[in-house]
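I opened a new model today and kept notes on what I looked up. The entries run from the whole chain down to one helix.

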Amino acid sequence: MTAVETLELLSKQWCTLQDLIKLTSLGRNSALKIRKKIIIDLTDQGYKQPCNLIPMCEVVNKLNINVPYLKDMAELEK
């Protein structure tokens, strides 16, 4: 995935399992484990989320995605 494609994916409000698979380049089972961990963390904090969706901002935080770097790389790609 290019930086532009990654930024387009990160611009969504909610992250699906397929989005998580694309972002992590992992298989379905590993992505399910990450999603479950994020959902448990949010539930422990008292948040409720739509079925099978997690906030993209939580995914960015959990995966330590460097968004400013991606923006710089996207500019270079153009």
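The entries below record what I read from this model, which is a predicted one.

**Entry: overall make-up.** I began with the secondary structure and found 5 helices and 2 strands in the protein chain. Going along the sequence, I noted the order α-β-α-α-β-α-α. I then looked up the extent of the C-alpha atoms, and they fill a box of roughly 40 × 25 × 20 Å along the principal axes.

**Entry: burial and surface.** The protein chain has 78 residues, and I found 31% of them counted as buried. For the exposed area I noted about 5,400 Å², with carbon and sulfur atoms supplying 52% of it.

**Entry: contacts and charges.** I looked at contacts between residues at least 6 apart in sequence; 55% of these join residues at least 24 apart. For the charges, I noted 11 positive and 9 negative ones in the protein chain, and their mean positions lie 11 Å apart.

**Entry: helix 2.** I turned next to helix 2, which spans residues 17–24. How many of its 8 residues are buried? I found 6, so I put helix 2 down as mostly covered, taking buried to mean under 20% relative accessible area. The buried ones are L17, D19, L20, I21, L23 and T24.

I then asked what covers the buried residues of helix 2. The cover includes helix 1 (3–10) and strand 1 (14–15), and also helix 3 (28–44) and helix 4 (56–63).

**Entry: end of helix 2.** Last, I checked the backbone just after helix 2, where S25 has a positive phi of about 60°.

Notes: Residues are numbered from 1 along each chain as its sequence is written. This is a predicted model: local features need pLDDT of at least 70, side-chain atom pairs count only at pLDDT 80 or more; totals for chains, interfaces and linings use all residues. Side-chain values use heavy atoms; hydrogens and water are left out. Helices (H or I, at least four residues) and strands (E, at least two) are DSSP runs, numbered from the N terminus. Buried means under 20% relative accessible area, exposed over 50%, partly exposed in between (1.4 Å probe, protein chains only). Contact means heavy atoms within 4.5 Å. Accessible areas come from the Shrake-Rupley method with a 1.4 Å probe; for residues, only the protein chains shown count as cover. Lys and Arg count as positive and Asp and Glu as negative; His and the chain ends are not counted. The place of a charge is taken as NZ of Lys, CZ of Arg, CG of Asp or CD of Glu.
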